[in-house]
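Trainee: Could you take me through one part of this protein in detail? I'd like to see the sheets, what packs on them, and any enclosed space around there.

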Amino acid sequence: MALLETIRSPEDLRRLGLPELERLSQEIRELLVQVVSRNGGHLSSNLGAVDLTLALHRTFAAPRDKIIWDIGHQCYTHKIVTGRRERIGTIRQKGGLLGFPDREESEYDVLNTGHASTSLGFASGLAIARDRQGQDFHIVAVIGDGALTGGVALEALNHIGQVKQRLIIVLNDNKMSIAPNVGGISRHLNYLASGRPYIRMKEVIQKVLKAIPLAGKPLFDLARKLEVLMRTMMVPGSLFEELGIKYIGPINGHGFPDLLKELEAAKKYDYPVLLHVVTRKGEGYEPASDDPSSYHSSAPFNIENGKFLGREKGPSYSQVFGRSVRRLVEADRRFVALTAAMPEGTGLDAVQRDFPANFFDVGIAEQYMFDFAGGLALGGFRPVLGVYSTFLQRAVDQVIHDVSLMRLPLLVGLDRAGLVGGDGPTHQGIYDIALLQAVPGIVLMAPKDENELQHMVFTASRLDRPAFIRYPKEPGRGVPLDAEPRELPLGRAEVLRRGNDVLLLAVGTLAWRALEAAEALAREDGIEAAVVNVRFLKPLDRALVLDMAAVTRKVVTIEDGTARGGFSDIVRQAFPGAGTGCEFLALAVHEESLPLASRPELLALCGLDAAGIRRQVREFIRKK
Ligand SMILES: Cc1ncc(C[n+]2csc(CCOP(=O)(O)OP(=O)(O)O)c2C)c(N)n1
């Protein structure tokens, strides 16, 4: 019987000896590769964290002790050993386990997470709450070297070093964010991981001793004592020690004896400690350890050869965005491409590869990225930012306070905007329209297909104010790409179909779904719908909308964003007073919380696929 089948809860780990732990770790790796090869998921991070997770659950008594996973994408082993082994095959699928921690799923999941760098703040708050109430349990925050580059994690370290509450930070350092990690702190971690500070101090002491004109045993003993003192007291120059947090490490994250010993030792401190654990992303599956970035958020793949399955036919929206930006840079070196730790995800690796001097990866630092871009813009450059819609949320103040009020000409690609499959509620891109519609002076566009995306990037590059382009994570339509991008008239929509019964105003790639619905309405239901590809949500083509609505008297807005404060509100505000005599229907995301599902499933659930649009428009027309 597989050892794994005997693990029903973390308690079962405590009766395993070291060889059994090794075996279990191997079994879990095989299971992870199998499951992710079918469902997709965060393979390399999970493989890298298997040993660490087993050691943590063996040492700490969850759920009484709180183990907090930063981002949470590395939580699969945690789920497997906390009673969810039998359901792990459902991960990321409709009705299945979430690929991130979820409080509703299990009492072992302390936080709902998905965005980076939140673990330390929560750990600190929990520690104060525990201590003020005289409770006694351990709090362990597990944070990656990538997540540590996020400003909010650094703010937390600053405060943790001040309040000095008892808590344990486990720094899971694999030198990688999604791409290789960047920045001074990452360099500092490499320095610590190499053991160089200790070696350097040893050299200094030896030099000093050599300079003293004495020899023999007393001196040797003194040297030994100094060395031990150094090891136990300090790693000179550790940033964490300077901040008031005890540093322990580096520790081999794939060796149980060390891991277990140091985790046990960390329990003894009554002030904050940080364990620096060095792991390898993709450990145990060669294709993933050779290319951890590609298997970070992996598509399904063939286990034998590591080849990804079902690759899309045409280029994705991210790729078209990246190539369009590359083209801008090629023509004019004032353009610079910026990403917050997502070079590949945003397609901007196309610029990184060919014009490295015009590319910046700032780490997981969305807020900083906008201010950095602001500075570049003030200095005469033309920054182009690629950011996922969900992560833009981090930088809303920068967008308002720093960018829009000064009308700085930033070009922002909002990737994975709208309904996002697979990752669950934390990664939905459904708030950007509502957040941006209130921001003065910006342009907000959405292309109906990838060809229009390249024209929008070009159009935005000609503007003298902030411009945002939102596009989804779905396969490109495979439409031919014009050889040269062209400028679209600012604030002008595109009429895709004429009809006098109802006006459908569709955002982005929902336009062709609306068109499909309109064809069916005409064919099957005798309803003639006009369909407009909005193109510009801000500024809206108000004249066209009012003109067409004057004929149809019925207006349907179609967007894959939250209904509250979204595009439907923009349209309503465009109509003067209440006396227009028009009726409105808002097709949008009305759900308070969305279930885990794929994008097509979510679109259908929200009534935003062609069938759903047709059904709701028909009811709207026919209702008395
Ligand atoms: C605010 C935010 N920006 C970007 C991301 C996308 N993201 C997910 S995992 C990841 C890399 C995390 O690296 P690290 O913390 O070192 O964990 P590892 O995967 O290397 O174990 C990034 C950038 C995110 N989750 N949150």
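Mentor: Here is a walk through two sheets, a few unusual backbone spots and the largest cavity. Keep in mind that this is a predicted model.

Let's start with the five-stranded sheet. It is open, its strands run in the order β12-β14-β13-β16-β17, and the pairing is mixed. At the edges you'll find β12 (494–497) and β17 (583–589), each of which pairs on one side only. On average, neighbouring strands here are turned by 25° against each other, if you ignore direction. Look at the β17 end for a moment: β16, which covers residues 554–562, pairs with β17 in the parallel sense, over six bridges. To pick out one pair on screen, take V556, whose bridge partner in β17 is L585.

Now for the helices on that sheet. Helix α20 (residues 510–525) packs on the sheet and touches β12, β13 (502–506), β14 (529–533) and β16. The direction of α20 makes about 170° with that of β14. Helix α22 (residues 567–574) packs on the sheet too, with contacts to β13, β16 and β17. For α22, the angle to quote is the one with the direction of β16, about 145°.

Next, the other sheet. Seven strands make it up, again open and with mixed pairing, in the order β7-β6-β8-β9-β11-β10-β15. β7 (359–361) and β15 (536–538) stand at the edges with a single partner strand each, so one side of each has no neighbour in the sheet. The average turn between neighbouring strands in this sheet is 20°, direction ignored. At the β7 end, β6 (residues 335–339) pairs with β7 in the parallel sense over three bridges. One of the matches to click on is L338, whose bridge partner in β7 is F360.

A few backbone oddities are worth checking in your viewer. Most residues other than glycine have a negative phi, and most peptide bonds are trans. Right after the edge strand β15, the peptide bond from K538 to P539 is cis, with omega near -10°, and P539 is in the loop between β15 and α21 (542–552). The A62 to P63 peptide bond is cis as well, with omega near 5°; P63 lies in the loop between α3 (50–59) and β1 (66–69). Then there's R407, not a glycine, yet with a positive phi of about 50°. You'll find R407 in the loop between α17 (396–404) and β9 (411–415).

Finally, the enclosed space. Searching the whole structure turns up three cavities of 30 Å³ or more, and the largest cavity holds about 60 Å³ of space. Its lining includes A417, A446, P447, R470 and Y471, along with V507, G508, T509, L510, D560 and R599. Sorted by class, the lining has seven nonpolar, two polar and three charged residues. Domain 3 (317–470) and domain 4 (494–622) each supply at least three of the lining residues. You've already met some of the surroundings: L510 is in the lining, and α20 spans residues 510–525. Likewise, D560 lines the cavity, and β16 covers residues 554–562.

Note on methods. Residues are numbered from 1 along each chain as its sequence is written. This is a predicted model: local features need pLDDT of at least 70, side-chain atom pairs count only at pLDDT 80 or more; totals for chains, interfaces and linings use all residues. Side-chain values use heavy atoms; hydrogens and water are left out. On a 1 Å grid over the protein atoms alone, a cavity is a set of points where a 1.4 Å probe fits but cannot get out, and a pocket is an open set with protein on both sides within 12 Å along at least five of seven lines; lining residues have an atom within 4 Å of a point. Grid points are joined across faces, edges and corners, and a volume is the space filled by probe spheres set on the points. Ala, Val, Leu, Ile, Met, Phe, Trp, Tyr, Cys and Pro count as nonpolar, Asp, Glu, Lys and Arg as charged, and the others, Gly among them, as polar. Domain bounds come from an automatic or database domain assignment. Two strands pair if DSSP finds at least two bridges between them. Helices (H or I, at least four residues) and strands (E, at least two) are DSSP runs, numbered from the N terminus. Axes are lines fitted to C-alpha atoms, for helices over the stretch in contact, and angles run from 0 to 180 degrees between N-to-C directions. Contact means heavy atoms within 4.5 Å.
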